[in-house]
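Visitor: I'm new here and would like a friendly tour. Could you take my questions one at a time?

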Amino acid sequence: MATEYNCLNFGYCDKADRHELISLPDGSPGICPECQKQLNRAPGGSGGNRKPWMVGGIVAALALLAGLAWTFWPQSPECPALQVWDVASKRCLDRIAECPPQTLYNPTTKTCQPPVGLSELDCREPEVWDSKTRTCKEPSASPKVLLRFSGSNTLGAELIPELAKVYLETTYAARKPNVSIIDGPKNDRGEVLTREVRAVFADKSSVSISVKAHGSATAFKEDPNNGVTKVGLEKGYVDIGMSSRKVKEEEVRLLEGAGLGKVDASGPRQGDGGQHVVAMDGVAVIVSPLNLMEAEISLEDLRKIYSGQITRWEDIPGVNGMTGPIQPVRRDNLSGTYEFFCDKVMGAKGKKGPADPTPEPLSAATKAFEDSNALVRHVTEERQAIGFVGLAYVGASKPLAIKKARADSSATAVMPDSESVRSGTYPLARPLYLYAKNPAPETVRDFILFALTDAGQRTVAQDGHSVHIIGSQFELPAPETIVEAGKPPRSEHVVLRLHGSHTIGGRLAGELAQQFMKERHVLQPRVEYGAETDTREGRARDVYIIGDIDKDGQDEAIEIKPHGSSTGFRALREGLCEIGLASDKIRPVEYNEVDPRSQKSLKDILGDLSVSERSNVGAVNLIGYDGIAVITNVGNPLEQIDIGTLRDIFTGTLTRWEQVPNSLGRGKIAVYARNSQSGTYRFFEQKVFPNGRLAPGVHNQYEDGQKLAAAVANDPGAIGFVAWPDAKGVKVLKVHEENAQPVAPNGQSIRSRAYPLTRELYMYLARAIAQPGSVTPESLRLAEEFVGMVLSNSGQEIVQDDGFVPVAIRMGTEGATGSLVIPFYIYFDTAKDQPTPESKRDVTLWLANAFRQNPEYRSWSFRLIGFTDDVGDDRYNLDLSQRRALQTKRYLESKLYKVKSYEGRGETEFIGDNRTENGRIQNRRVQMILEPP
């Protein structure tokens, strides 16, 4: 006997789709021979009890129905597993489409379920898991990747994704994006180490930021030994590296060797390139809430636990109520938290990986975790465990107060919290860093600047991620030194030291030192470099010019440290150099400040800054002139700019090229500057924004003007300023006061001071010994000889060859009578007939240097011509110009210079625009012409 069945597996079985009756022997399991699904018994029961005519009728009826179905029913092709044929659209659709709203299809149970309890394992390609809503989401079109992060898990697990989320919401606020943080796949230990922050817009387009948090070491390079590849700045896999410890010397060299430029410690106001402190953090030592020990421990006991000397809780001095074996856990070897703990607690370097020969400072009994969250979950659940993580990840665990020394009864155990980390009282406080190549793309600059704004720092502080930086972005903690300061070659004796301005010391001072040695019969002096030094704003090399100066058969060295004008003044005061290099004039506060170690001020070291003896080198020596060139990318259509617009750009009022007058450029302005210790910066600040402050958007502050110019040459939106000789490969703008004639920097405009950003270059010579054993009488004598050579014709030729304007009087303009027009004026205040004190000092220095080089002119005499601006009537101005010439005559004669004649010409022969103050200053002058006997 047989029984008839129907298959109801529609969409997956042809017999079901054709409504076939399936006849099977009685007692069979009732499985469809086509799709192997359970069959449904057809109406009418067992076929053995039916009448033949009934069976025939049923068969005929079914045949008729089958024919109608075949004619009118849409044909169903074979749909893939987990899909169903849709009659309306005549195509296979995911069964998930059949689930009601707010539910998801679970492929494991083949049922529709609410999202609660689902995981990323339930998502099917191409769906993605959203960790915030805990749902599977359809991806938008392939997102444009804006930024790629790699490195520290402390930063990358939560803080950077949250910062990236707020950054995208802020940047694209006008487009109202839907921003979500999407978890990547888990590793074999169940840890999530990659995340994507995605912003989806109304048009379904999207952008994303990727974050890979495998440990601080992967911010800089790959580590195939630990299975971590396609990460790090070295091979360009990421844009920003995250690190919970400072970059190491070998990593800096590695990155520079990869052609990324300087990747180093930048100053507090930089937003581009280098090193940036984005937050403060404390490494918290944690135990389970079930642990009965008192909530404090000493660094000494921690060291013994992690070295394996203490293995049981009852063996820790002072621990009450807790017994049993200690289970220490830690972060993995790629983690900056691990390296920080090894350094601060164990007093040893961490082991980088299996191939690193460094001994592992932590006991082999410690269990390593790649993810901070996973470590905390383990410690929270394991009563015997102890571990360490960044403060942001303490979670439900119990943090311990840290005491520096158990035996010190006066020492207080300090809990890790925002206040103790920010104040530095917590022993395991540390900064958290972002690293980027220099120069960096605009998006990198924008993100770093955002992270340092109030909005970014609020994100840092919220939800206990980490500790925000004190105050605003202008009050970041000063970075530490990365690379050890430069040291002289061991085999040479340093006999002369020049410290200060990079404008002078970067190239010119070295060439002058070589000329000095050649004039002392050192035929081929050699040049060597000390170690690179990390300063607040950049890295520089100390230079040593080496040769046998005194002919004793042993080489001596002239040391040059070009780290900014202010460092030269400080070195003079501390007795660290004989000559201070400066691209601006010494300030009264620098002149009078007393060094606490030497108990000397520069007034004690330099003496009187005036020049009283024309035949001798003075304490302050004008060696040349320079113009501060305002530079842009060669593709920028702008040709000229006024001082007011410069002020607005560099103080942040103007941020786009469309806002700049006479500019046809478009886009965001990228502002570049020299560093704050530079005399170039100080001069530019004084001339352009004396009452303002450099904007936080100035993302590049360079110690080296040539590197700044190179960066501007590679950045279409850039504007910056450098010394005139450094302006190579860039467009140099004409500069003017408002409504005045634009002037380009060149030898003539700088010499006459018609160019508004003209400045002087100085060598300050120590006249006294700061402290015994530092500056010696012999080194002072050698320094005086060196400055004398710089002011000689041979030295001034080198000044000119390096692109600066020399002070030699031979650079004057010869007239028809053989006279020399001095390219220097004496200036006067409004309506005054006495030269300004600054002008008198400058002209005295200039003439002393020039006459020293040209003794044949001592028998010549001056002809003086006075001028005024156009304020006042003609008669008054003519009389004022004559009185100015007369007062100049008296001043020069007091210095034993000869004056042949003087005259006044009133408000004639303007060289400046009288509509501006700077132009009127140029017109209130006395011109000096030196004539033969």
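**Around the pocket and beyond**

Guide: Let's start with the largest pocket: H17 gives the largest share of its lining, five residues. Keep in mind that this is a predicted model.

Visitor: Which residues lie nearest the centre of the largest pocket?

Guide: The pocket holds about 910 Å³ of space. Its lining is made up of 35 residues. Those that lie nearest the centre are Lys585, Gln686, Lys687, Arg753 and Glu838.

Visitor: Which elements give two or more residues to the lining of the largest pocket?

Guide: One of them you have met already, as the largest share comes from H17. The full set is H17, strand E35 (758–765), helix H22 (837–853) and helix H24 (917–923).

Visitor: How many charged residues are in the lining of the largest pocket?

Guide: Split the lining by class, and you get twelve nonpolar and seven polar residues. The charged class counts 16.

Visitor: Is helix H17 largely enclosed or open, and how many of its residues are buried?

Guide: Helix H17 covers residues 679–688, ten in total. The buried ones are Gly679, Thr680, Tyr681, Arg682, Phe683, Phe684 and Val688. That makes H17 largely enclosed by the rest of the structure, because its buried residues number seven of the ten.

Visitor: What kind of aromatic pair do Tyr433 and Tyr435 form?

Guide: The structure has 18 aromatic pairs. In the one formed by Tyr433 and Tyr435, the ring centres are 5.9 Å apart and the planes are at 40 degrees. Planes under 30 degrees apart would be stacked and those over 60 edge-to-face, so 40 degrees falls into the remaining class. The pair is tilted.

Visitor: Are Tyr433 and Tyr435 buried or exposed?

Guide: Buried means under 20% relative accessible area. Tyr433 has 4%, and Tyr435 has 0%. Tyr433 is therefore buried, and Tyr435 is likewise buried.

Visitor: What about Phe684 and Phe689, what kind of pair do they make?

Guide: Both of these residues are buried. Their ring centres are 6.2 Å apart, with the planes at 70 degrees. Since planes over 60 degrees apart count that way, the pair of Phe684 and Phe689 is edge-to-face.

Visitor: Which ring does the charged end of Arg430 sit over?

Guide: For a charge to sit over a ring, CZ of Arg has to be within 6 Å of the ring centre. The charged end of Arg430 is 5.6 Å from the centre of its ring. That ring belongs to Phe340.

Visitor: How many residues apart in sequence are the parts tied together by Lys731 and Glu639?

Guide: Lys731 and Glu639 form a salt bridge, with their closest N and O atoms 3.2 Å apart. Lys731 lies in strand E33 (residues 731–732), while Glu639 is in the loop between strand E28 (620–632) and strand E29 (640–642), so the pair ties together parts that are apart in sequence by 92 residues.

Visitor: Which residues are in the network that holds Glu909 and Arg905?

Guide: Glu909 and Arg905 form a salt bridge, with 2.9 Å between the closest N and O atoms. At 43% relative accessibility, Glu909 is partly exposed, and Arg905, at 30%, is partly exposed too. Salt bridges with shared partners make one network of Arg863, Lys900, Glu903, Arg905, Glu909 and Glu931.

Conventions: Residues are numbered from 1 along each chain as its sequence is written. This is a predicted model: local features need pLDDT of at least 70, side-chain atom pairs count only at pLDDT 80 or more; totals for chains, interfaces and linings use all residues. Side-chain values use heavy atoms; hydrogens and water are left out. Rings of Phe, Tyr and Trp (its six-membered ring) pair if their centres lie within 6.5 Å; planes under 30 degrees apart count as stacked, over 60 as edge-to-face and the rest as tilted. Buried means under 20% relative accessible area, exposed over 50%, partly exposed in between (1.4 Å probe, protein chains only). A charge sits over a ring if NZ of Lys or CZ of Arg is within 6 Å of the ring centre and within 35 degrees of the ring normal. Helices (H or I, at least four residues) and strands (E, at least two) are DSSP runs, numbered from the N terminus. A salt bridge is a side-chain nitrogen of Lys or Arg within 4 Å of a carboxyl oxygen of Asp or Glu. On a 1 Å grid over the protein atoms alone, a cavity is a set of points where a 1.4 Å probe fits but cannot get out, and a pocket is an open set with protein on both sides within 12 Å along at least five of seven lines; lining residues have an atom within 4 Å of a point. Grid points are joined across faces, edges and corners, and a volume is the space filled by probe spheres set on the points. Ala, Val, Leu, Ile, Met, Phe, Trp, Tyr, Cys and Pro count as nonpolar, Asp, Glu, Lys and Arg as charged, and the others, Gly among them, as polar.
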